[in-house]
Amino acid sequence: MIQRIQTIYLALAAACAFGLFGLPFATSTQSADATSLFADGIYNINDHTALLGLFCAAGALALISIFLFNNRKQQLLMGRFAIIANVIGIILVLVFLYQDGAQTGAAEVAEVNEQLGVGLPVLFIVFALLAQRGISKDEKLVRSADRLR
């Protein structure tokens with residue numbers, strides 16, 4: 001249902017997850033052939049299949065949960081799985097970045113600049129948590145209305 005605010009939050013969360021296809025996490029001033037992440041000078045989700053899978057799963061779960069408005073418990077569960085996939089993705093982004101920096105050595109390290117893609121997973125979590133709060137409020141409202149009948 002589009003008129004519910006949590007639907008808009010879930011759509012914004014999915015847009016943040018799928019926006020990572022266009023926005024990189026970081027860029028380097030020069031391409032480093034010794035690294036796998038910055039070989040082309042850009043670090044994005046296409047550099048590792050685990051990142052691609054996790055952020056696509058998080059976005060897909062957010063989109064799927066929009067259409068589960070009749071089953072709020074299932075919608076809450078899908079939202080939680082989306083948040084978990086996104087948090088694991090954030091952790092993997094950082095792990096890959098630090099592992100790559102340790103492999104290159106200090107002599108070849110170029111300046112790494114963060115880009116807008118770094119903030120999108122954080123925005124995803126914010127929007128998903130706001131949607132979770134709205135869904136749980138709806139569930140409480142329905143429970144209290146059932147109690148009054």
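**Aromatic pairs and nonpolar cores**

This predicted model holds three aromatic pairs, counting rings whose centres lie within 6.5 Å.

Start by selecting F25 and Y43. Their ring centres are 5.4 Å apart and the planes meet at 55°, so this pair is tilted. F25 sits in the loop between α1 and β1 (26-28), while Y43 belongs to strand β2 (residues 42-43). The pair links distant parts of the chain, 18 residues apart. Are F25 and Y43 buried or exposed? Both are buried.

Keep F25 and add F55. These two rings also form a tilted pair, with 6.1 Å from centre to centre and 45° between the planes. F55 lies in helix α2 and F25 in the loop between α1 and β1, so the contact ties together parts that are 30 residues apart in sequence. F55 is buried, as is F25.

Now show F25, Y43 and F55 together: ring pairs link them into a cluster.

Next, widen the selection to the largest nonpolar core, which has 25 residues. Which of its residues touch the most other members? They are F25, Y43, L51, F55 and F124. To see where the core draws its residues from, colour α1 (5-18), α2 (49-66), α3 (72-104) and α4 (120-148); these are the elements that give two or more residues to it.

Last stop: select L10, L76, A131 and I135. They are among the five residues of a second core, separate from the largest one.

Definitions and conventions:
Residues numbered from 1 in each chain as written. Predicted model: local features only at pLDDT ≥ 70, side-chain atom pairs only at ≥ 80, totals over all residues. Heavy atoms only, no water. Core = buried A, V, L, I, M, F, W, Y, C linked by side-chain atoms within 4.5 Å. Buried < 20%, exposed > 50% of the residue type's maximum accessible area, 1.4 Å probe, protein only. Helix = DSSP H or I, 4+ residues; strand = E, 2+ residues; numbered from the N terminus. Phe/Tyr/Trp six-rings, centres within 6.5 Å; stacked < 30°, edge-to-face > 60°.
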